[in-house]
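User: I would like a close look at one part of this model, the loop tyrosine with the unusual backbone angle. Start there, then work outwards through the neighbouring topics in one connected account.

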Amino acid sequence: MIKINEHFNKLQASYLFSNIAARIAEFQEQNPQTDIIKLGIGDATRGLPHACVAAMHAAVDEMGEDATFRGYGPEQGYAFLREKIAENDYAARGADIAADEIFISDGAKCDTGNFQEILAADIRVAVPDPVYPVYVDTNVMAGRTGPFHNGRFENIVYMPSTQENNYVPEPPDTDVDLIYLCFPNNPTGATVSRADLKQWVDFARDNRALILYDAAYESFIRDDAIPRSIYEVEGAREVAVEFRSFSKTAGFTGTRCAFTVVPKECRAFDENGDTRYLHPLWNRRHSTKFNGVAYPVQRAAEAVYTPEGQNQVKALIADYMKNADRIRKEMDDLGYSYVGGEHSPYIWIEAQMDSWAFFDMLLNRAGVVCTPGAGFGPCGASCIRLSAFNSYENVDRAMHRIREALQKG
Ligand code: MLT
């Protein structure tokens, strides 16, 4: 008899953003005249940087000729891209990462979700609350948790990220083996200081734990003192894996290109307590289950590192950050307390009421979509997240509509 993986029964009926998309579709069907403005899912809205488009065109042309055609590429990614990343994203920031420690993939969501697969089933997982749901759901699927009660899974250590700790959780006083951190944070938009990150690296070293560090939003950091990579902290190479993406940096959400960094010294332990390096394990998993990102897409990603690409990407990010500034200004004027939006495209707002009720109110009265904080964990129950991914015109219209809707309230 074929049997299902029973752990799937513990999951919520649908993935957060699929659930929201279904609600929007239902609302639109019932209100076809409403011009909905989406500030929900963090999906790029601007066209790709021209340097990337030109590089992709050229690569597509190469694929059309026998002499320059490429079939299967290296599963880990082409050296031309891995070398550019090592040089520009790491060496330039004083972080020591070699090109062959970088694995090119089709997304940080997939990589943060898949990485747990090379770790034991009985490890203890720690996540912030609120948290990007992928970290939790993939561990539920792998059977590392008990059932779901009051917004939390048994056997997961939740670390509240709230106003009290500036949205940066402190290392727990219980035993944990695998720690997920994300900075600039999704959903709160908060950043971490080098000193706080160092505390985490020291904790992982002292407790033989591993940090999965999601830095998908690093390009939105506007202050050079804020670390962009965990490898800017001494000792991190042994205890941290880092995830990055071109999705938010260069608008690749529909183009798909990301990467995971697994330093050669990064370690876990086998059942005898002996050190096992993760690089060969991840390489084994990646080359078995993944056949590489399309050649034209890797060429497009490479173009991000050309001088024109860098200028275009900076302009793209600056446009989204202008939207974030507009949202922050409106929240200031309306007297809402919030975090994020300074070095992140997300603004996390204390809605002071049930977050799903606030979501419904904004959709019904203003035709604006936000993301209800409850979807990221109980600490988000009375918060909402607004995303800066849209045109300035739409964000400005959304802010006028939100102001009117709240004043009506
Ligand atoms: C989000 O809105 O949280 C992100 O767009 C989701 C993702 O990157 O998968």
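Analyst: Tyr167 is buried, with 6% relative accessible area. That value falls under the 20% cut-off for a buried residue. The model is a predicted one. Tyr167 sits in the loop between strand 6 and strand 7. Its phi is positive, near 65°, and Tyr167 is not a glycine. In general, most residues other than glycine have a negative phi.

Asn155 also has a positive phi, about 75°, and is not a glycine either. Asn155 belongs to the loop between strand 5 (152–153) and strand 6 (156–160). Its relative accessibility is 45%, so Asn155 counts as partly exposed.

Now the cis peptide bonds. One joins Asn186 and Pro187, with omega about 20°. Pro187 is in the loop between strand 7 and helix 6. Another cis bond runs from Asp129 to Pro130, with omega near 5°. Pro130 is found in the loop between strand 3 (125–129) and helix 5 (133–141). As a general point, most peptide bonds are trans.

Next, follow the chain out of strand 7. Strand 7 (residues 178–182) pairs with strand 8 in the parallel sense, over 5 bridges. The route from strand 7 to strand 8 goes through helix 6 (residues 194–206), and this β-α-β crossover is right-handed. Within the pairing, Tyr180 stands opposite Leu212 of strand 8.

Strand 8 has a second partner to consider. Strand 9 (residues 240–245) runs parallel to strand 8, and 4 bridges join them. Here Ile211 has Ala240 of strand 9 as its bridge partner.

How enclosed is strand 8? In strand 8 (residues 210–214), 5 of the 5 residues are buried, so the strand is largely enclosed by the rest of the structure. Both of its faces are covered. Leu210, Leu212 and Asp214 are buried on one side. Ile211 and Tyr213 are buried on the other.

Aromatic contacts come next. The model has 23 aromatic pairs. In one of them, the ring centres of Tyr320 and Phe389 lie 4.8 Å apart with planes at 65°, so the pair is edge-to-face. Tyr320 is in helix 11 (residues 307–334), while Phe389 is in the loop between strand 17 (383–387) and helix 13 (392–408), so the pair ties together parts 69 residues apart in sequence. Tyr320 and Phe389 are both buried.

Phe389 has another ring partner, Tyr346. Their centres are 6.3 Å apart and their planes are at 70°, so this pair is edge-to-face as well. Tyr346 lies in strand 14 (residues 346–350), 43 residues from Phe389, and the pair links distant parts of the chain. Tyr346 is buried at 1% relative accessible area. Phe389 has 2% relative accessibility, so Phe389 counts as buried. Tyr320, Tyr346 and Phe389 belong to one aromatic cluster, together with Tyr217 and Phe220.

Some rings also carry a charged side chain over the face. Lys322 lies over the face of Tyr392, at 4.3 Å from the ring centre. Arg82 lies over the face of Phe103, at 6.0 Å from the ring centre.

To return to the starting point, Tyr167 combines a positive phi with a buried position. Asn155 has a positive phi too, but Asn155 is partly exposed.

Terms used: Residues are numbered from 1 along each chain as its sequence is written. This is a predicted model: local features need pLDDT of at least 70, side-chain atom pairs count only at pLDDT 80 or more; totals for chains, interfaces and linings use all residues. Side-chain values use heavy atoms; hydrogens and water are left out. Buried means under 20% relative accessible area, exposed over 50%, partly exposed in between (1.4 Å probe, protein chains only). Helices (H or I, at least four residues) and strands (E, at least two) are DSSP runs, numbered from the N terminus. Two strands pair if DSSP finds at least two bridges between them. A crossover is right-handed if, with the strands pointing away from the viewer, the path from the first strand over the helix to the second runs clockwise. Rings of Phe, Tyr and Trp (its six-membered ring) pair if their centres lie within 6.5 Å; planes under 30 degrees apart count as stacked, over 60 as edge-to-face and the rest as tilted. A charge sits over a ring if NZ of Lys or CZ of Arg is within 6 Å of the ring centre and within 35 degrees of the ring normal.
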